[in-house]
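Student: Please take one part of this model and go through it closely. I would like the side-chain contacts described, with the surroundings of each residue where they can be given.

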Amino acid sequence: MANGLSHIGESGEAHMVDISAKAATERRAVATGRIFMSAEAFAAVRDNAVAKGDVLSVARVAGIMAAKRTSDLIPLCHPLPIQKVAVDFSLEEADCAITVTAMVKTAGQTGVEMEALTAASVALLTVYDMAKALDKAMRIEGVRLLEKTGGKSGPYSAP
């Protein structure tokens with residue numbers, strides 16, 4: 001491990017961390033993010049009136065699928081036996097925004113932070129894709145880890 005970074009080898013090369021000696025523990029991570037849009041686009045999503053279909057249902061499934069495929073997208077992530085993914089949305093009419101919260105659980109040798117972040121990100125990108133005909137200026141902001149439990153580093157909660 002060079003420079004204290006677990007994904008960098010002694011010679012500076014990228015590598016996947018060896019987790020084979022780690023004990024399996026219950027792991028959970030929650031990530032969030034928001035998408036801001038025009039009042040017209042927000043109303044269409046809220047009222048299920050987007051031409052492409054039910055935006056939030058499709059975005060929920062996209063987030064779940066993305067969590068399960070994280071190791072295919074992030075080069076040094078381990079494939080994990082995910083036991084639970086939940087993707088939920090909160091509509092914030094005053095801001096014309098939708099907040100996504102993604103929770104991922106497993107019992108394994110490494111955490112599911114990347115899976116939760118990927119689920120939240122892809123869910124938000126799916127909202128954008130499905131509503132872009134109404135508002136190309138939508139912005140995705142604040143994608144971040146809210147909390148994680150399990151593992152050697154212990155629990156984390158965002159300030």
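Tutor: What follows looks at one threonine and then at the charged side chains. The model is predicted, and the distances below are computed from it.

Start with Thr106. Its place is in strand S3, which covers residues 97–108. Is Thr106 buried or exposed? The relative accessible area of Thr106 is 0%, and buried means under 20%, so Thr106 counts as buried. The side chain of this residue reaches a backbone atom: the oxygen of Pro81, at 2.6 Å. Pro81 also appears among the contacts of Thr106 once neighbours within four places in sequence are left aside. That list includes Thr25, Glu26 and Arg27. It also holds Ile82 and Gln83, and it ends with Val112.

Now the charged side chains. How many salt bridges does the count come to? The count comes to 10 salt bridges, and several of them can be described by residue.

One of them joins Asp47 and Arg46, with the closest N and O atoms 2.8 Å apart. Asp47 has a relative accessible area of 48%, and exposed means over 50%, so Asp47 is classed as partly exposed. Arg46 is also partly exposed, at 35% relative accessibility.

A second salt bridge is formed by the side chains of Arg69 and Asp72, at 2.5 Å from N to O. Asp72 has a relative accessibility of 52%, which is why Asp72 counts as exposed.

Another pairs Lys132 with Asp129, and here the N to O distance is 2.5 Å. Lys132 is partly exposed, with a relative accessible area of 32%. Asp129 is partly exposed as well, at 34% relative accessibility.

Salt bridges also link residues into a network: Arg34, Glu92 and Asp95 are joined in this way.

Charge meets an aromatic ring at Arg139. The charged end of Arg139 sits over the ring of Phe36, and the distance to the centre of that ring is 4.6 Å. As for rings that pair with each other, a search of the whole structure finds 0 aromatic pairs.

To put the threonine and the charged groups side by side: Thr106 is buried and has its side chain at the backbone oxygen of Pro81. Asp47 and Arg46, by contrast, are partly exposed, and they form a salt bridge with each other. Lys132 and Asp129 are likewise partly exposed, and their side chains meet in a salt bridge.

Methods. Residues numbered from 1 in each chain as written. Predicted model: local features only at pLDDT ≥ 70, side-chain atom pairs only at ≥ 80, totals over all residues. Heavy atoms only, no water. Phe/Tyr/Trp six-rings, centres within 6.5 Å; stacked < 30°, edge-to-face > 60°. Lys NZ or Arg CZ within 6 Å of the ring centre and 35° of its normal. Helix = DSSP H or I, 4+ residues; strand = E, 2+ residues; numbered from the N terminus. Buried < 20%, exposed > 50% of the residue type's maximum accessible area, 1.4 Å probe, protein only. Polar contact = N/O pair within 3.5 Å; in protein donor to acceptor, adjacent residues only side chain to side chain. Contact = heavy atoms within 4.5 Å. Salt bridge = Lys/Arg side-chain N within 4 Å of Asp/Glu carboxyl O.
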